[in-house]
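Colleague: Before I accept any of the labels in your description, I would like to hear the reasoning behind each of them. Could you take me through them one by one?

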Amino acid sequence: MITLTNRQARQFLLRKQGLLGSPRFEGKQGALSYIRQAGCIQFDPVDVCGKNAELVLQSRVKGFTKGMLYELLYEDRSLVDYPDKNLSIWPVEDWPCFERYRRAAREGGLKFEGLRELEEQTLSWLREHGPASSDDLPLAGELYWHSHIHWSGNWGGKSGAARAALEQLYSTGELVIHHKKGTRKFYDLAEKYLPAELLAAPDPLPDDAAHLRWRILRRIGAVGLLWNRPSDAWLNIWGLKAEQRRDAFSRLLEEEKIAEVRVEGMREILYCLTEDLPLLKEAQEGEIPVTRRCELIAPLDCLLWDRRLIRELFGFDYTWEIYTPQAKRKFGFYVLPLLYGDSFAGRVEAVVKEEGKGSGRRAAEKSIEKAAETSCLVVKHVWYEDGIRRTKALQTALERCMKRFAAFHGCKRIEWLEE
């Protein structure tokens, strides 16, 4: 068993994530490399100061722009939008590994009389007309949905026939998201954009236990260190209960795909990928550079998937208060953790004011350029953690961070309100 101090464990995590020292990831290929390392990044449509997936990448990929993610998704088709840890973005090469979920959606759809007819009408319309949103399809009527429809069932209740048909075909893998315009999704036939051999590939992990081990291994790799206990890091892994999780960890240890890590001061044993042992050794020997770098961390960042783990390792207690009633919020509607060096220094509430709007990469870039003269990043509040000394070095690092963040949004001005 490997033993680390608390600080060594933090430095290992942050260096693996590309959040400590010089950037490990750069440009569009760097963004793709990070997502391949993580397995998936979560998508959330709320855009106060960038969508969650964009925020994940901007904090660790040097030179990242929103257009890069658009290209990877909808031009290069290196990534796909599809559930994994809830709504997610993941590498297209993992498509065969999610066949069991597409199959479940197909089986669920059979329970609804008339649904296949709607699907056939939708497929025929798309073949003739191309990409469409639910507003474009000439399908009338409504359907009532429930938990038999996997992936789509989470919005429940009554839905228009067009939306229901599109969502179901997306869930079964017959459609992919062609592009998005704001929060509206446009769909088209998967066969137009994904390689035929990928669509025809069998499930490489038909055995349930093998599939669960793959998912667990992926989530450990996404965070860096995880424990064998209930955690939000395991969300949306079907069939993963305590017994299955224990069996999977035991087998992964036997196969030497994961290694045990003890952190001084923590009761629970943690686990890392064996492929990360060289980096862990660097942390153990004090070879990871600690630069005074500030970064804003996304609310659903891979690093934060297990909030209790972050609380124990970093002494940082973070709750995303977007769903908390305003009167009960301690901080704000959309507040981002502030990382400084190898610790969390506080949290920041920032909003983009008067930013241009557009659809797709080129439209977005044009609108941002047009709005740059009037766009402003408003730093509404900075809350520092107890015991954090507001040194000149911290202030300088924070200002540099906010300048990068403003440039990321196409803002030429930063307005600092009272802290």
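**From value to label**

Modeller: Let me begin with Asn 236, which has a relative accessible area of 23% and is therefore partly exposed, since that label covers what lies between under 20% for buried and over 50% for exposed. Please keep in mind throughout that this is a predicted model.

Colleague: Where is Asn 236 found, and what is unusual about its phi?

Modeller: Asn 236 is in the loop between strand 11 (226–227) and helix 10 (242–254), and its phi is positive, about 70 degrees, although the residue is not a glycine. Most residues other than glycine have a negative phi.

Colleague: Why is Asn 86 called partly exposed?

Modeller: The relative accessible area of Asn 86 is 34%, so the residue is partly exposed, given that buried would need under 20% and exposed over 50%. Asn 86 sits in the loop between strand 5 (79–81) and strand 6 (88–91), and it has a positive phi of about 60 degrees without being a glycine.

Colleague: What makes Tyr 82 and Trp 90 an edge-to-face pair?

Modeller: A search of the whole structure finds 21 aromatic pairs. In the pair formed by Tyr 82 and Trp 90, the ring centres are 6.0 Å apart and the planes stand at 85 degrees; the limits are 6.5 Å for pairing and over 60 degrees for edge-to-face, so both parts of the label hold. Tyr 82 and Trp 90 are both buried, and they belong to one aromatic cluster whose members include Trp 95, Phe 98 and Tyr 101.

Colleague: How do you know that Phe 405 and Phe 408 are stacked?

Modeller: For Phe 405 and Phe 408 the centre-to-centre distance is 6.2 Å and the angle between the planes is 20 degrees, and because stacked rings need centres within 6.5 Å and planes under 30 degrees apart, the pair qualifies. The two residues are 3 apart in helix 14 (residues 392–408), which means that about one helical turn separates them. Phe 405 has a relative accessible area of 1% and is buried, and Phe 408, at 11%, counts as buried too, because the cut-off is under 20%.

Colleague: What makes you say that Lys 66 lies over the face of Phe 408?

Modeller: Lys 66 is 5.3 Å from the ring centre of Phe 408 and lies over its face, and the distance limit for this label is 6 Å. In another case, the charged end of Lys 180 sits over the ring of Phe 43, 3.6 Å from the centre.

Colleague: Why is Asp 306 said to have no salt bridge?

Modeller: The nearest side chain of opposite charge to the buried Asp 306 is Arg 229, at 5.7 Å; a salt bridge must be within 4 Å, so this distance does not qualify. The side chain of Asp 306 does make a polar contact of 2.6 Å with the side chain of Ser 231, and it reaches the backbone nitrogen of Arg 308 at 3.2 Å.

Colleague: Why is helix 5 described as largely enclosed?

Modeller: Of the 11 residues of helix 5 (residues 99–109), 8 are buried, so the rest of the structure largely encloses this helix. Among the buried residues are Glu 99, Tyr 101 and Gly 108, and what covers the buried residues includes helix 6 (115–129), helix 7 (161–171) and helix 9 (208–223).

Methods:
Residues are numbered from 1 along each chain as its sequence is written. This is a predicted model: local features need pLDDT of at least 70, side-chain atom pairs count only at pLDDT 80 or more; totals for chains, interfaces and linings use all residues. Side-chain values use heavy atoms; hydrogens and water are left out. Buried means under 20% relative accessible area, exposed over 50%, partly exposed in between (1.4 Å probe, protein chains only). Lys and Arg count as positive and Asp and Glu as negative; His and the chain ends are not counted. A polar contact is a pair of N or O atoms within 3.5 Å; within protein, one must be able to donate a hydrogen and the other to accept it, and residues adjacent in sequence count only if both atoms are side-chain atoms. Helices (H or I, at least four residues) and strands (E, at least two) are DSSP runs, numbered from the N terminus. Contact means heavy atoms within 4.5 Å. A charge sits over a ring if NZ of Lys or CZ of Arg is within 6 Å of the ring centre and within 35 degrees of the ring normal.
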